[in-house]
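This report walks through one structural model for a reader at the bench, beginning with a single aromatic side chain and widening to the chain as a whole. The sequence and the structure come next.

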Amino acid sequence: MQGNVESVTLVEHVSNGIDLCRVRIDFDEPYIFYDWNKLQDFIGKFVEYETRVDYYKNEAKVVICNLAEVYKIHTLDKVEGIRLIPEKDKIRVGCNLDISSVKFGDTVCGCVAFLSDYRKGASEKAQWLDCKMIDMYSKAFTLRIFTRGNMDNGVSAEEAVEAKVGRYVQFDLSSTSYGYQTGLIELENVEVTAPPEVDIAIEIIKDAVKDDVILQDYMNTYNFISHLKTLINGEIGYELVFIAAEIQQIQALQNISNYYDTGLMIRAAITSRGYLLPANTHFSRTVLNVNKLLRTQLGKDRELLLILDPLADEDMSPTKLMYMRMASFVKDIINDRRGFITVSQEGMDVRHLGKVSGGLLC
């Protein structure tokens, strides 16, 4: 459902950062559990929202479970100088949790976030799942679920979590000395949409390859963009954002140096993701990248084949070395913004919080 937010009325303060409010959206007046102060930002905005029936103090109420300002990404007539990442963070449709607002000791009920992945962990006394979550501003955080003896409708906690990867989930979050924790998570039956920068990335990629017929043939052969748009890298389609960011850096390089083959680097930015395309055998990334390449006209590009093999027993060309440095640099910048890595003030201690695919060096 969509409409204009006309007013917000505080009904009751529930807990720290959570208020029961009534929102007038055109002719609709549903309730919402949200921070009343933050809801003021929605007044006068055109929003998209989903509702469900909830019981609060034994009374049935129509409650908004997802609320987001509507913004549209149009096909770009000009991509030169276009920002890949918006200046102001956009609220992701489907999420209601801003993880940066959660303080130590807080318990926040009714949180909704995107579940992108999970990992198992265990000690002598406990077993758990570390769920990689994405909040309303695309920030990553880890949510721990202790699983020993934990069941969800007769299935194990791991099976229940695995079935929800790539979907929005609801949970009650507690900030403890051991990190963010919850019990079992519940599925939010809301359509998952790609973040807006994915659409911008696609336009940047298409513009960058428009004069390279052979590279276009490679992409068309494997339905490259359509397939990558369905994959999860923290968020759906985000591998395309990494590619577009690399392309923008490569194009910027043209303004300061004629020393590197930037056309070759753009080819590498695309074909280094060949391992993400469908394959019948689980070979290494290098083998998969090269196999995909050899089945197209790009298989005749010897320099590109050498770039796709980081351990090739030949001296690295300046273009290959620069592309590898640039791909690593771009990955760190984007993942640092999203919270997937933390970097010390000295810039030396980089701690990766989760495995993130992309490029040659992961």
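With a relative accessibility of 6%, Phe141 counts as buried, because the cut-off for that class is under 20%. The model in which this holds is a predicted one, and every value below was computed from it.

**Aromatic pairs**

Across the whole structure, a search finds 9 aromatic pairs. In one of them Phe141 meets Tyr180 edge-to-face, with 5.8 Å from centre to centre and 85 degrees between the planes. The two partners belong to distant parts of the chain, since Phe141 lies in strand 8 (residues 140–146) and Tyr180 in strand 12 (residues 179–182), 39 residues apart. Tyr180, at 22% relative accessibility, counts as partly exposed, whereas Phe141, at 6%, counts as buried. Another edge-to-face pair is made by Tyr218 and Tyr222, whose ring centres are 5.2 Å apart and whose planes meet at 70 degrees. Both Tyr218 and Tyr222 are buried, and together with Phe224 they form one aromatic cluster. The two pairs are set out below.

| Aromatic pair | Centre to centre | Angle between planes |
|---|---|---|
| Phe141 and Tyr180 | 5.8 Å | 85 degrees |
| Tyr218 and Tyr222 | 5.2 Å | 70 degrees |

**Strands 3, 4 and 5**

An aromatic ring also takes part in a contact of another kind, in which the charged end of Lys61 sits over the ring of Tyr31, 4.3 Å from the ring centre. Strand 3 (residues 31–34) pairs with strand 5 (residues 59–69) in the parallel sense, over 2 bridges, and Ile32 stands opposite Ile64 of strand 5. Strand 5 also runs antiparallel to strand 4 (residues 46–56), to which 10 bridges join it; in this part of the model, Val47 has Glu69 of strand 5 as its bridge partner. Strand 4 and strand 5 form a hairpin with 2 residues between them, and Lys57 in the turn has a positive phi of about 55 degrees.

**Helix 8 and its surroundings**

In helix 8 (residues 285–294), the buried residues are Leu288, Asn289, Val290, Lys292 and Leu293. The elements that cover these buried residues include helix 4 (213–221), helix 7 and helix 9 (302–308).

**The chain as a whole, and where to be cautious**

The chain has 10 helices and 17 strands, and 47% of its 362 residues count as buried. Among contacts with a separation of 6 or more, 58% join residues 24 or more positions apart. The accessible surface of the chain comes to about 19100 Å², and carbon and sulfur atoms account for 48% of that area.

Confidence varies along the chain, which averages a pLDDT of 84, with 87% of the residues scoring at least 70. It is highest in helix 7 (residues 262–271), at a mean of 95, and lowest in strand 17 (residues 350–352), at 33. Two stretches should be read with particular care: pLDDT stays under 50 over residues 72–76, for which the model has 7 contacts beyond four places in sequence, and it also stays under 50 over residues 343–359, for which the model has 44 such contacts.

Note on methods
Residues numbered from 1 in each chain as written. Predicted model: local features only at pLDDT ≥ 70, side-chain atom pairs only at ≥ 80, totals over all residues. Heavy atoms only, no water. pLDDT = per-residue confidence, 0-100. Helix = DSSP H or I, 4+ residues; strand = E, 2+ residues; numbered from the N terminus. Contact = heavy atoms within 4.5 Å. Phe/Tyr/Trp six-rings, centres within 6.5 Å; stacked < 30°, edge-to-face > 60°. Buried < 20%, exposed > 50% of the residue type's maximum accessible area, 1.4 Å probe, protein only. Lys NZ or Arg CZ within 6 Å of the ring centre and 35° of its normal. Pairing = 2+ DSSP bridges. Areas by Shrake-Rupley, 256 points an atom, 1.4 Å probe, with all protein chains shown as cover.
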